[in-house]
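Hi,

Here is the structure I promised to send over. Have a look at it first, and then read on for what I found.

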Amino acid sequence: MGEKFDVVVVGGGTAGCILAARLSEDAQRTVLLIEAGHDYPSVSETPVGVKDARYVPMRGHAPEFDPDHDWGLNAIGNADSLIAVPQARLIGGGSAINGMIALRGATADYDEWVALGNPEWDWPHALAAFRAMEDDTAPDLAIHGRGGLVTISRSDEHEYAPLQKAFVDSCRGLGHQEAWDLNAPNAEGFGPAPMTRVGTRRLSTAASHLDAARGRPNLTIRAETVVNRIVLQGTVVTGVELVGGEVIDAGEVVLTAGAIITPAILQRSGIGPADLLDSLGIPVVSDLPVGSNLGDHFSVPLLAPPREGSWHLDDFSLQTVLRASTSVQPGSLDAQLTMFSYLNVRTTAEGTRGLAGEGSVGLENVAGMGCVLNKPRSVGTVRIVSTDAADLPAVNPNYLGEQIDRDAIREIVRLGWSVLTSEPLASMLLEPIGLDAETVADDAALDAAIENKTASGYHFTGTCLMAAPDRGGVVDQHGSVHGISGLRVADASVVPTTPAANSMLTTIMTAERIAAFARGREFAPVDAAEADSGSRRVFAEAAL
Ligand SMILES: Cc1cc2nc3c(=O)[nH]c(=O)nc-3n(C[C@H](O)[C@H](O)[C@H](O)COP(=O)(O)OP(=O)(O)OC[C@H]3O[C@@H](n4cnc5c(N)ncnc54)[C@H](O)[C@@H]3O)c2cc1C
C-alpha cells in the first residue's frame, strides 16, 4: 500500500508551485508536489543562472545554461527540420530559467476565451486576478495591484544595458510611441519590459509562492521524481504512477507538467484521441482532443555580432520591448520586438536550430531581437510516440500553417529590421547575420528567409483546451477534465488561445484562479466602473 495524499500536484513548475502553495494553505489538506527536476530549497543552494535576473539560463542563450534544467526537447520546423525548444526541468519550471518578461495579453484575448464557452474568463475576472496577484509600483491602481506575491519591476532608463538603451533610442528616432506601462490594457509602444524580479534577483514562482509554504507539515515536495501516468478506476482518479512503478494514492490529481508534458501524461493514461491511443495499444478511458490546439509564439530572430565594447556578459540580457499591432490584425497586439543584449551561440544543441540559427558558426555571442508573432492563428499538436515516459512526445507547432500568420510575421520582421538598422543601434552592431536589406524588401525572398529562420517563442499553450465539450474542450472553466472525476489541469495547457503576450503571466493568473476554484473560492470580477475609479488596491477572495 503506497502513500496517500488529498492532492497530488504533478510538475513543480510555474503553475505547480502556485497550486502546491495555495492548496496547502488549508492545513487540513495534505498536498504532495512532484517535480522531475532538481529542487533548490534555499537561495544559497540555487545556481547563479537561476537566481540572477541578468541571465536567461536556457539552451541557446547564456553560458549559465545547465542541461540538467532542460528536457532536451525539439519541435518540428519547416521541411521536417528540428528546432531546439528549451523547456524547464527544475522546481519553478519556466519561471526559474526564462526571460522573466511579465506582460499581460490584450483584453480581446479574453473575448476569445469567453467565446469558447468560458464566461467566467472575461477581462473583468482576469483583471481582478492580475491585480490581486501582483505587487507593482505602477501608479494606476485601477489596473494594478500592490502587495501580491508576484513582484513586477521595470528598468529605469539609466539602468539599461548599452544595447537596450540603443534599442529604445532607435525606436524613439523612428517615431514609435513611448509606453512606460506596457501592462496598461492594450498598450502599444516601446519601453521597459515588466519583469518578475527584484533588482537582480529572479523571482520564480518557487521563490514567490513555494518558499513560504515549504515548512508546512501538510506539504511534501518530491524532486527528481517523474510521473508516468494517472491511475484511474473507471473514470475516477485514484492516484499517480511514477516511472519505476511506484503508485501514490490521491483524492485528487492536479496536472501542472506544462503544455507539452501534461498532454503526454494524459495520453499515456488513456485520456486522449482514440486513434492515437489505439495505435499505441493504450485502453481508451476518454476520447478527448488532448494534445490538439498547441499554440506558440512564432519568432524570427534578427541577429548581429555586437561591436567590441557595446556589451558585457553582466548586462541584463532582456530589458526592453516594443509592442504593436500589424495591419493584418489591427488592435490585436500581435507584434512584439524583444531586444536581447546577447545570446550565447554555442549552447544550442548539435543538429538543431536554436535562436542563433545558421550563419552563426564560429561566433560566441550575438545580439539582436526576437520578432515575435504574438497572435498566431496556426495551431499544432503534441502526441506521444510510445507508452514509455522516457520518449519525449512529438511536438509539431505547425508554424506558418495559416496565411494570416505569414502576412503578419512579414510585417513584424520589417518592423524589427527598421529598428535594427537605425541609429544608434545599427552602429553598435556588425553586419546582421543571414538577412540583408534586399531580401527584406522583397516579399518572396523574405517569406523564404522567414521559413528558414523559424524559431519557437517557447510559449506553449492550449493542449488541454479549456472550452465546452462541443468546442473541443478538454477541461471545463474550473480546470476539471471533462468526464473524469478528481482530475484538474492548471498550467499553460488550459490557456485556450495564445495570449498576445509572453505566456508566463497568463499562466500564473490561470493557476491562481484554478487554485482558488479548487478551494471553492474565486476572485470577484472588476466591474467597469470600479476599474475606472482606480481606488481599490486589494482584492479579497470571496467564497463562491
Ligand atoms: C527558455 C524559456 C524562456 C521563456 N521566457 C519567457 C518570458 O520571458 N516571459 C514569459 O511570460 N514566458 C516565458 N516563457 C514561457 C513560460 O516560462 C511558460 O509559459 C510557463 O513557464 C509555463 O508554465 P507551466 O507551469 O505551464 O509549465 P512549466 O513552467 O514548464 O512547468 C512544468 C514543470 O513540470 C515538470 N514536469 C514535467 N513533466 C513531469 C513529470 N512527468 N513528472 C514530474 N514533473 C514533470 C517540469 O520539469 C517543469 O518543472 C519562457 C519559456 C522558456 C522555456
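Let's start with the overall picture, keeping in mind that this is a predicted model. Of the protein's 544 residues, 58% count as buried. The radius of gyration is 22 Å, and a compact globule with 544 residues would have one near 24 Å, so the two agree. Along the principal axes, the C-alpha trace spans about 65 × 55 × 45 Å.

On secondary structure, I get 14 helices and 25 strands. If you take the contacts between residues at least 6 apart in sequence, 71% of them join residues at least 24 apart.

Now the ligand. There are 42 residues around it, and those that come nearest are Gly11, Gly13, Gly93, Gly94 and Gly99. Four elements each give two or more residues to this shell: α1 (14-23), α3 (94-97), α8 (258-268) and α13 (504-518). The largest share comes from α8, with four residues. As for chemistry, the shell divides into 21 nonpolar residues, 18 polar ones and three charged ones.

And where does the ligand sit relative to the domains? It lies between domain 1 (4-45 + 205-293 + 461-535) and domain 2 (53-87 + 106-203 + 295-456), because both of them give residues to the shell around it. Each domain is put together from three separate stretches of the chain, as those ranges show.

That's what I have so far. Shout if you'd like to go through it together.

Cheers

Definitions and conventions
Residues are numbered from 1 along each chain as its sequence is written. This is a predicted model: local features need pLDDT of at least 70, side-chain atom pairs count only at pLDDT 80 or more; totals for chains, interfaces and linings use all residues. A residue is near a molecule or strand if its C-beta atom, placed from the backbone, lies within 6 Å of it. Ala, Val, Leu, Ile, Met, Phe, Trp, Tyr, Cys and Pro count as nonpolar, Asp, Glu, Lys and Arg as charged, and the others, Gly among them, as polar. Domain bounds come from an automatic or database domain assignment. The radius of gyration is taken over C-alpha atoms; the globule rule is 2.2 Å times the number of residues to the power 0.38. A residue is buried if 20 or more other C-beta atoms lie within 10 Å of its own, exposed if 12 or fewer, and partly exposed in between; C-beta atoms are placed from the backbone. Two residues are in contact if their C-beta atoms, placed from the backbone, lie within 7 Å.
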